[in-house]
Amino acid sequence: MNIVYPQPADTGTGTNVNTQLVYAIDHLKSTHNPMRLQDIAIVTNTPLETDVVLLEKFKSHDKIIWDPKTDLYSYRHEFSFRNKAALLTEIQRQTKKGGGIPVRALKESWKEAPQAIEELEKEGDVLVTRTVKDGQLRMVFWNEIKPDDESGGKQVEKEFFDLWHSLKVPNDVDLLKALHAEGLQATAEEMPIPKAPSNVKKKGKRSAPRQRQAKITNTHLKGEIDLSRDYERK
């Protein structure tokens with residue numbers, strides 16, 4: 001007789017507690033709004049309300065914020081801005097510390113961040129770097145020299161921008177030919193200091209000769225003469 005044991009339901013999120021935890025946290029991260037525990041459990045198809053271990057891990061996670069007054073849960077993003085002005089303030093703060101901000105991190109905190117960054121770029125408030133392959137926003141920096149008639153800092157015209165990037169650095173052979181054609185000479189490289197041959201033995205201090213202990217062979221005199229004494233002539 002075959003006994004059929006009850007099998008766990010196929011929830012789509014697995015039965016492992018850590019896997020279910022990742023699903024719940026990732027969903028809350030993508031919403032950008034506080035949610036009830038019941039709603040998170042329904043949307044992610046996880047047993048947050050019934051699994052004590054899963055609920056404890058969810059509540060104690062460092063990225064989860066629980067408001068006991070409203071009983072709502074939200075994700076703790078790296079940045080808390082929600083408009084373009086606050087975004088610019090955050091970019092200024094990070095740039096003054098000596099670095100820019102990855103656009104991906106800003107988008108996780110506010111999904112409208114990329115569009116706001118492009119607007120700030122057109123207004124001359126920020127400088128951005130883009131990926132070579134598809135031109136996507138990569139890093140953003142605060143433009144400390146805003147383009148105006150008084151301080152300058154105007155953007156380079158597209159004609160000169162394209163001309164600059166169309167220039168190619170010649171290889172070493174062509175570069176030397178171009179220098180010779182102009183009567184110039186390449187800077188001589190620093191000559192390397194020749195190394196001493198490795199097969200030459202290093203001269204060091206001569207070690208003092210080891211004193212070998214004399215071996216007494218006149219054993220037939222043992223008992224009659226003390227061989228350890230130094231006898232002097234009288």
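Which residues line the second largest pocket? The legends below address this question and then turn to other close-up views of the predicted model.

**Figure 1. Overview of the chain in the predicted model.** The secondary structure amounts to 8 helices and 6 strands. Read from the N terminus, the elements follow the order α-β-α-α-β-β-α-β-α-α-β-β-α-α. The chain has 234 residues, of which 21% count as buried. Among contacts in the chain with a separation of 6 or more, 46% come from residues 24 or more positions apart.

**Figure 2. Lining of the second largest pocket.** The residues that line this pocket are Val103, Arg104, Lys107, Pro114, Glu118, Arg130, Gly135, Gln136, Leu137 and Arg138. The volume of the pocket is about 250 Å³. Three elements, α5 (103–109), α6 (113–122) and β6 (137–142), each contribute at least two residues to the lining. Of the elements, α5 gives the most, with 3 residues. By residue class, the lining comprises 5 charged, 3 nonpolar and 2 polar residues.

**Figure 3. Buried and exposed sides of helix α3 (residues 52–60).** Leu54, Leu55 and Phe58 are the buried residues shown in this helix. Viewed down the axis of α3, the buried residues fall within an arc of 95°, so they line one face of the helix. Val52, Glu56 and Ser60 are exposed on the other side of α3. The cover over the buried residues includes two helices, α1 (17–31) and α2 (37–44), together with two strands, β2 (64–67) and β3 (72–75). At the start of α3, a side-chain oxygen of aspartate 51 comes to within 3.1 Å of the backbone nitrogen of valine 53.

**Figure 4. Valine 17 of helix α1 and its contacts.** Is valine 17 buried or partly exposed? Its relative accessible area is 21%, and because the buried class requires a value under 20%, valine 17 is partly exposed. Beyond its neighbours within four places in sequence, valine 17 is in contact with Asp51, Val53, Leu54 and Lys57. Two of these residues also appear in the preceding view: Leu54 is among the buried residues of α3, while Asp51 supplies the side-chain oxygen at the start of that helix. The C-alpha atoms of valine 17 and leucine 48 are separated by 9.9 Å, with the two positions 31 residues apart along the chain counted as their distance apart.

**Figure 5. Arginine 36 in strand β1 and the loop residue aspartate 71.** Arginine 36 belongs to strand β1 (residues 35–36). With a relative accessibility of 42%, arginine 36 counts as partly exposed. When its neighbours within four places in sequence are left aside, arginine 36 is in contact with Asp71 and Leu72. From C-alpha to C-alpha, arginine 36 and tryptophan 66 are 9.8 Å apart in space, and they are 30 residues apart in sequence. Aspartate 71 is located in the loop between β2 and β3. Its phi is near 60°, a positive value in a residue other than glycine. Aspartate 71 likewise counts as partly exposed, at 38% relative accessibility.

**Figure 6. Asparagine 45 in the loop between α2 and α3.** What is the sign of phi at asparagine 45? Phi is positive, at about 60°, although the residue is not a glycine. The relative accessibility of asparagine 45 is 39%, and the residue therefore counts as partly exposed.

**Figure 7. Surroundings of asparagine 143 in the loop between β6 and α7 (158–166).** Is asparagine 143 buried or exposed? Asparagine 143 is buried, because its relative accessible area of 13% lies under the 20% limit of that class. The side chain of asparagine 143 reaches the backbone oxygen of glycine 124 at 3.0 Å. Apart from its neighbours within four places in sequence, asparagine 143 is in contact with Gly124, Asp125, Val126 and Leu127. Glycine 124 thus takes part both in the listed contacts and in the approach of the side chain to a backbone oxygen.

Technical notes: Residues are numbered from 1 along each chain as its sequence is written. This is a predicted model: local features need pLDDT of at least 70, side-chain atom pairs count only at pLDDT 80 or more; totals for chains, interfaces and linings use all residues. Side-chain values use heavy atoms; hydrogens and water are left out. On a 1 Å grid over the protein atoms alone, a cavity is a set of points where a 1.4 Å probe fits but cannot get out, and a pocket is an open set with protein on both sides within 12 Å along at least five of seven lines; lining residues have an atom within 4 Å of a point. Grid points are joined across faces, edges and corners, and a volume is the space filled by probe spheres set on the points. Helices (H or I, at least four residues) and strands (E, at least two) are DSSP runs, numbered from the N terminus. Ala, Val, Leu, Ile, Met, Phe, Trp, Tyr, Cys and Pro count as nonpolar, Asp, Glu, Lys and Arg as charged, and the others, Gly among them, as polar. Buried means under 20% relative accessible area, exposed over 50%, partly exposed in between (1.4 Å probe, protein chains only). Contact means heavy atoms within 4.5 Å. The arc is that of the directions from the helix axis to the C-beta atoms. A polar contact is a pair of N or O atoms within 3.5 Å; within protein, one must be able to donate a hydrogen and the other to accept it, and residues adjacent in sequence count only if both atoms are side-chain atoms.
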